[in-house]
Structure formats: structure tokens, C-alpha cells
Amino acid sequence: MKYIDEFRDGELAKNLALSIGAEVQPGRSYSFMEFCGGHTHAISRYGLSDLLPPAVRMVHGPGCPVCVLPIGRVDMAIDLALNHGVILCTYGDTLRIPASDGLSLMKAKARGGDIRMVYSTLDALQIARDNPQREVVFFAIGFETTTPPTAVAIQQADKENLSNFSVICCHVLTPSAISNILESPEVRQWGTVPLDGFIGPAHVSTVIGSRPYEFFAEEYRKPVVIAGFEPLDVMQAILMLVRQVNEGRAEVENEFSRAVSRDGNLKAQDRVAEVFELRREFEWRGLSVVPYSALKIRRQYAAFDAERKFKLDYRSVPDNKACECGAILRGVKKPQDCKLFGTVCTPENPIGSCMVSSEGACAAHYSYGRYKDMH
Amino acid sequence: MSEAKRGYVRPLDLKHGRVDLTHGSGGRSMVQLISELFAKHLGNEYLGQGNDGAVLPAPTLEGRAGRLVMSTDCHVVSPLFFPGGDIGCLSVHGTVNDVAVMGATPLYLAAGFVLEEGFPLADLARIVESMAHAAAEAGVPVVTGDTKVVERGKGDGVFITTTGVGILPDGLELGGARARPGDAVIISGSMGDHGVAIMSKRENLSFDAPIESDTVALNGLIAAMLATGADLRCLRDPTRGGLAATLNEIAGQSGVGVMLHEKAIPVKPVVSAACEFLGLDPLYVANEGKLIAICAPADADRLLAAMRAHPLGREASRIGEVIVDDHHFVQLTTAFGGKRIVDWLAGDQLPRIC
């Protein structure tokens with residue numbers, strides 16, 4: 001595990017924790033949102049909160065693509081699998097997302113839907129090649145990290161005239177979600193989200209670079225530190241954020257310089273721009289409708305757009321009324337503040353979006369940290 | 001004279017033949033399958049009698065009467081052949097281990113085969129030979145069995161159910177409800193090898209370093225452990241659900257908690273890297289040749305030394321202790337010094353998106 005173990009050194013972590021403790025100013029509190037589910041997962045899995053001084057609070061943001069995918073979108077995919085006889089391909093953790101009528105893709109598979117887990121869009125293309133008599137649909141979800149491979153698959157299908165391949169595009173955009181959090185009415189209304197800064201996503205930033213975050217730093221006076229997903233990356237980013245707050249700076253800093261540049265991966269960005277364009281609006285689970293926050297397939301590639309090909313209509317399905325996902329995703333509430341948390345809503349029976357993926361704020365707290373609530 | 005002419009019966013074409021419905025019909029084809037394949041490889045004085053069951057001598061252990069332990073397990077692994085093993089040896093190891101972790105000496109196995117019409121006989125022969133090898137190595141003969149054939153599309157090639165019988169000496173009591181606060185938690189070796197080997201094959205993933213299943217019979221190692229006279233509370237093989245599921249089970253049965261130390265849990269670098277790549281946690285990945293031992297703290301070092309002296313326990317490690325906890329949580333001190341729960345898994349582990 002060369003290049004990984006170096007970022008999991010417990011001794012270094014202790015030193016970083018000591019540095020953070022030493023830099024935290026008495027009487028001051030620091031709330032940082034890790035936008036990305038990968039960071040939430042790392043914080044929970046390695047027990048990083050235990051190493052932080054009480055004055056530093058980590059707020060889990062909406063950066064888990066599984067969590068923010070609305071019910072109506074999953075319903076669309078299930079409809080294709082059960083009622084249109086397609087082979088539906090998707091990434092693994094999409095399978096358990098609760099949908100309407102007590103279904104999920106996993107349950108739809110048990111009902112006879114031909115639903116297959118793939119590791120890459122290339123696998124989905126191969127399934128299309130191997131099954132020319134069947135329609136193969138790739139259910140594409142994810143932030144900027146997973147968007148370029150979907151673009152490549154569509155262009156490849158176009159090149160090969162793979163007419164039985166199409167994509168339900170549910171790709172969403174990180175900067176729009178961050179804006180939404182900072183401008184959300186709940187945040188304005190309660191003013192209770194003392195967000196002092198952001199840990200910027202790792203994989204997403206390898207694609208889009210650090211430049212898109214400069215707007216937040218300037219416009220909202222919020223420091224952003226882009227960090228890798230290894231525990232030492234996260235600790236280092238927290239230290240850098242504490243320093244920025246103490247010094248009154250609001251800049252974009254890049255802790256993950258081993259993979260992220262200011263401009264990102266221009267080739268990937270070009271591919272994405274060739275295939276996709278902005279959607280006017282897109283519903284996010286927990287954040288409701290966010291304008292210009294997602295992508296759709298350009299008209300030029302309409303033949304590969306499953307929504308057009310199968311004339312799919314999006315139908316919004318509300319979350320359970322008691323569900324506090326929206327407030328949790330914005331950092332206004334903690335998972336344990338929700339009445340459903342750990343009672344009706346558990347990883348076995350997720351009601352709200354945050355309990356679905358292991359990267360979700362509620363699932364992470366339930367799976368790794370709930371003993372703290374009980375002891 | 002050719003085989004076909006001698007009895008006017010054409011022998012099984014084990015090279016090119018395929019299972020068909022007659023192989024489960026009860027007629028000559030089935031008898032042929034049993035005699036030319038199952039009996040040929042698994043044969044012994046009991047199976048050779050060809051009765052509906054086996055009449056076995058009343059077991060004693062070193063001259064002392066004991067109690068019988070019986071366990072059964074269905075094997076439905078996909079793919080049937082994987083790096084380091086196949087469904088055949090797995091079906092022997094799994095049941096031998098289930099009997100052995102009860103503290104019993106495994107004596108006999110029964111094997112039930114559900115075959116799918118169209119399954120190549122050559123593959124079936126490989127599986128049976130592998131079973132025979134595993135049974136011989138473990139010293140546990142297959143003494144009775146059954147074969148059914150289902151129509152094409154109604155099975156997955158081969159399903160094997162094995163049932164094992166063993167003898168447990170009087171006075172030895174092992175069980176999941178016997179863990180007490182302070183007890184040591186020991187594992188016999190690295191975690192996650194089998195599950196990752198299966199997954200690498202199933203999902204067509206190839207890794208630079210090959211990952212082999214750890215499937216093996218543990219009765220020899222367990223006999224060496226029992227011979228130390230250590231005060232063992234419980235033995236378990238952490239198969240499906242891995243270390244995490246097994247310890248959660250024991251914690252619940254005994255009404256205790258468990259505190260693990262991440263640094264002490266051996267995971268091969270290649271398994272760790274594969275899990276990292278797939279977004280999986282090795283603590284939840286299946287093993288087929290490892291065991292967990294809970295034992296009185298005073299005897300832990302002695303037990304550990306005996307395990308390390310055995311080829312299957314060379315990497316044995318004391319990974320934690322049983323603690324008082326009304327919530328019966330399994331917790332882990334991370335290499336970072338933080339703490340977290342090692343919870344039950346909600347369904348299968350699925351690869352994360354990013």
C-alpha cells in the first residue's frame with residue numbers, strides 16, 4: 001500500500017492533532033463543513049473527531065451522490081428495468097437507495113428486473129455490445145468525478161453506432177450545491193450554521209481544479225482547503241483551515257497538490273463539455289430543486305439519452321415529512337437531532353437520504369459513532 | 001476391449017459430457033454418475049456400501065465416550081472455481097470447520113449435490129476430485145450423499161450441501177455465549193483473503209499481485225489449540241460477514257462488548273489495497289481458513305504460541321479483548337488512536353462510487 005500507508009501514520013496524526021490544539025484560540029469555536037462524503041467516511045472510519053479539540057466541529061455536507069439522488073430519479077430507473085425490459089447498469093451503492101412503493105433497484109432486481117452492478121461505464125458498454133437485441137441503459141450518477149467516464153462512454157457508443165445503449169444522466173455539480181448551502185433560507189433564517197470554512201472535495205477537484213472554489217472564498221469570505229481522502233489529509237486540512245480563520249484569511253488552499261491543480265483536468269472538462277450541457281433545474285434529495293446544478297445530454301447525442309429515448313417523465317416524490325435530511329445536509333442539524341434517526345431510519349431500513357450510503361452523514365454516524373450518544 | 005463393449009454401457013464422457021436430467025432421474029445414468037465419479041473419488045468402506053445412509057461405529061474419543069456434534073452448510077459460491085480453490089474443497093472445509101470450532105473432532109461428511117442440466121462433466125469431475133483431496137487432507141471421509149439434477153436455468157451449475165458429524169469429548173464446552181469481560185480475542189491469521197479472491201474473479205478484476213482464497217480445514221490447528229488445555233470460551237470461523245459479523249454475534253450471545261485494536265489485525269497488503277480500490281472494509285470480508293478464539297486472559301499467550309507453531313496459525317494475533325458493554329458494541333481503536341464501532345453490516349458490502 002505504498003502511497004497510502006504514509007497518509008495513515010498514527011504518530012503523525014497525533015502531532016497534527018497537537019498542532020491543531022495549539023492553534024485553536026481560547027473561547028473561539030470552529031465549524032468546518034467537509035462537503036464530500038469521502039471525507040465524512042474517512043472522519044468516521046478513522047475516528048478523527050476523537051483527535052480534535054472540542055472547539056473544532058465537523059459538519060457533514062451533501063457531497064454523497066447516493067444521498068442526494070431524489071426518489072423520482074430512482075423510480076425512473078426502476079420503471080425502465082421492470083416495465084421496459086431493459087438491462088439497467090449502475091454503480092454498486094446506487095442499488096440500495098430507497099424509492100417509491102418500498103422498492104429499490106436491489107428489490108426491483110429480485111422482482112425480475114435485469115439490473116447489473118458495474119464498476120465502470122466501459123462494463124456497461126460491453127454489456128450493450130454483448131446483447132445487441134436488448135436495450136442497455138446506464139444509470140449515471142455522481143459529481144464531477146464520475147461525469148467524464150460517462151461522457152467517454154456516450155462518445156464511444158456514438159463512434160460504434162451502439163444504438164441499444166443509452167444513459168439516464170443524473171450527474172450533479174459541486175459548486176452549485178455549495179452555493180445552495182450558503183444561500184439556503186434555513187441558513188439565513190436560523191443563522192445557526194456557523195460555517196467557518198470548507199474542506200474541498202478530493203476526486204472532484206482533480207477534474208475541475210481549485211479555481212471554481214475561489215468564488216466562495218471571495219464572495220462568501222469562507223476559506224476552502226482542498227484535501228485528499230486519507231486521514232492525514234483531512235487532519236492537515238483542518239489545521240490549515242484553523243490557521244486561515246485565526247488570521248482572518250479566506251483563500252483557496254490546496255492540501256491535495258499531489259493530484260489537484262488550479263485548472264484541473266482540461267481534457268476531461270472538454271469531454272464533459274462536448275457531451276453535456278447545464279440543466280435548467282434539478283431536484284436534489286434533501287436540498288429540493290437547485291437551479292443549474294446538474295447536467296443533461298446535449299441534443300447532438302440525443303440518441304443516447306434514455307430520458308428522450310424512452311420518453312421518461314420526471315415525477316418528484318417527497319421525502320418522509322419527519323425526515324430532517326435537508327437540515328442535516330446543510331449542517332443546521334446533526335443526525336441525532338432527527339426523530340427518525342436510529343428508530344425507524346436505520347441502514348437496514350433507510351427512510352431519508354443521509355442514511356443510504358456509508359458516506360451519508362446519518363449512516364456514517366450510525367455505523368461508526370453512535371456509541372458516543374449512548375455512553 | 002473398450003469400456004463401452006464390456007458392459008454395453010458407455011462410460012461417462014468426463015471430458016466433453018454434460019449433466020442432463022437423466023443424471024438425477026434415479027436410473028442408470030445416475031448410478032453411473034455416482035459410481036464413476038462420486039464413489040470413485042470420495043469412496044470408502046461406508047460410501048461403497050451404496051445404501052441410503054451410512055451405519056457408523058459409535059464414536060469414542062481416546063477411549064472416552066463423548067457427544068455428537070452435527071453441522072450442515074449449503075455452498076452456492078460463484079464463480080465455482082476461484083483463485084486458491086473451488087466449490088468442492090470449500091464445501092468440505094466449510095463443514096469440517098463448523099464442526100471443529102465446536103471443539104469436536106470431525107469424523108464423517110455427507111454431501112448433497114444439486115446439478116444443473118447442461119453442466120460440463122469435466123467441471124464436475126474437477127470439483128469432486130477437489131472435494132476428495134480436501135476430505136483426505138482433513139481426514140474426514142464423505143460417507144453418504146445425494147444427487148439431484150434440475151432443468152437448465154433453474155440452478156447455477158452446482159450447489160453442494162455438506163453435513164458433518166464429529167465427536168466432542170465430555171467436559172469440553174465452547175460456545176458464543178461464554179465470552180466474559182477481560183477475555184482475549186485472538187485470530188489465526190490475515191483477514192479478507194477469501195472474499196477478495198472471489199470478488200476479483202466475479203467482477204473480472206485483475207490485480208497485479210494474485211489474491212488467493214485461504215480456504216482450508218482448520219481441524220488440525222484446533223486440535224493443537226485444544227491440546228494446550230487453555231481455557232477456551234469460544235471458537236468461530238469468520239466466514240460470511242467476516243470478523244465484524246462474527247464478533248457482533250458473539251458479543252450479542254454473551255451480552256458483552258468487544259474492543260479491537262486495528263494495528264494488531266493482520267490484513268495482507270494486496271487484500272488491503274484491493275479493498276481500498278473497491279471501497280470495502282476487510283473486517284467485513286469473508287474468510288474460509290481462519291478462526292477467532294476467545295480465551296481466558298491468563299492463557300492467551302500460551303494459546304497464541306501453540307497457534308503460531310502450527311502452519312495454519314503462523315500469523316495468529318491477539319487483536320483485542322472482551323469488555324463490559326450493555327449495548328454489546330464491537331469497537332475498534334483505529335491506528336490513529338480514535339475509536340469507532342465495527343457495526344453489523346446493512347446487507348452486503350457494495351463498492352462506493354468515489
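Guide: Helices here are DSSP runs of H or I with at least four residues, strands are DSSP runs of E with at least two, and both are numbered from the N terminus. The model under discussion is predicted. One residue placed by these runs is B:L280, which lies in the loop between helix 8 (269-278) and strand 11 (292-295) of chain B.

Visitor: Why is B:L280 called buried?

Guide: The relative accessibility of B:L280 is 4%. Buried means under 20%, so B:L280 counts as buried. In sequence B:L280 and B:V196 are 84 residues apart, while their C-alpha atoms are separated by 9.5 Å.

Visitor: What makes B:F329 buried, and where in chain B is its place?

Guide: B:F329 has a relative accessibility of 4%, and the limit for buried is under 20%, so the term applies to B:F329. The place of B:F329 is in the loop between strand 12 and strand 13 of chain B. The C-alpha atoms of B:F329 and B:Y46 are 47 Å apart in space, with these positions 283 residues apart in sequence.

Visitor: B:H328 is in the loop between strand 12 (317-323) and strand 13 (330-333) of chain B. Why is B:H328 called partly exposed?

Guide: The relative accessible area of B:H328 is 29%. Buried would need under 20% and exposed over 50%, so B:H328 falls in between and is partly exposed. The backbone of B:H328 has a phi near 60°, a positive value in a residue other than glycine.

Visitor: What is the phi of A:R221, and what makes A:R221 exposed?

Guide: Phi of A:R221 is positive, about 55°, although A:R221 is not a glycine. The relative accessibility of A:R221 is 52%; exposed means over 50%, so A:R221 counts as exposed. This residue is found in the loop between helix 10 (214-219) and strand 8 (224-226) of chain A.

Visitor: How do you know that the peptide bond from B:S78 to B:P79 is cis?

Guide: Its omega is near 5°. B:P79 has its place in the loop between strand 2 (64-75) and strand 3 (81-82) of chain B.

Visitor: Why is A:C325 said to be in no disulfide?

Guide: A disulfide is a pair of cysteine sulfur atoms within 2.5 Å. By this rule the count over all chains is zero. For A:C325 the nearest cysteine sulfur is that of A:C323, 3.2 Å away, so the pair fails the cut-off. A:C325 is buried, with a relative accessible area of 4%.

Visitor: How do you know that A:C169 is in no disulfide?

Guide: The nearest cysteine sulfur to A:C169 belongs to A:C170 and is 6.6 Å away. That is not within 2.5 Å, so the pair is not a disulfide. With a relative accessible area of 1%, A:C169 is buried.

Visitor: What makes A:G113 buried, and which residues does A:G113 touch?

Guide: Its relative accessible area is 6%, under the 20% limit, so A:G113 is buried. Not counting residues up to four places away in sequence, A:G113 touches A:A81, A:L82 and A:A108. A:G113 lies in the loop between helix 4 (105-110) and strand 4 (114-117) of chain A. From A:G113 to A:D79 the C-alpha distance is 9.3 Å, over 34 residues in sequence.

Visitor: Why is A:D373 called partly exposed?

Guide: The relative accessibility of A:D373 is 38%, which is neither under 20% nor over 50%, so A:D373 is partly exposed. A:D373 lies in helix 16 (residues 371-374) of chain A. Leaving aside neighbours within four places in sequence, A:D373 is in contact with A:Q336, A:F341 and A:H365.

Visitor: How is the packing of helix 3 (residues 87-100) and helix 4 (residues 121-138) of chain B described?

Guide: Two packed helices are described by the angle and the distance between their axes. For helix 3 and helix 4 of chain B the angle is about 30° and the axes are 6 Å apart. Their crossing is right-handed. Among the residues that meet are B:V92 and B:V96 in helix 3 and B:I127 and B:M131 in helix 4. By class the contact has nine nonpolar, four polar and no charged residues.

Visitor: Which residues of chain B does UniProt list for "domain: PurM-like N-terminal"?

Guide: The UniProt entry, which is unreviewed, lists residues 51-167 of chain B. Over residues 51-167 the chain is 27% helix and 42% strand, and the end C-alpha atoms are 23 Å apart.

Conventions. Residues numbered from 1 in each chain as written. Chains lettered and ligands numbered in written order. Predicted model: local features only at pLDDT ≥ 70, side-chain atom pairs only at ≥ 80, totals over all residues. Heavy atoms only, no water. Axes fitted to C-alpha atoms, helices over the stretch in contact; angles between N-to-C directions. Left-handed = near helix turned anticlockwise from the far one by under 90°. Contact = heavy atoms within 4.5 Å. Nonpolar A, V, L, I, M, F, W, Y, C, P; charged D, E, K, R; others polar. UniProt positions renumbered as here; feature names shortened; annotations may be inferred. Buried < 20%, exposed > 50% of the residue type's maximum accessible area, 1.4 Å probe, protein only.
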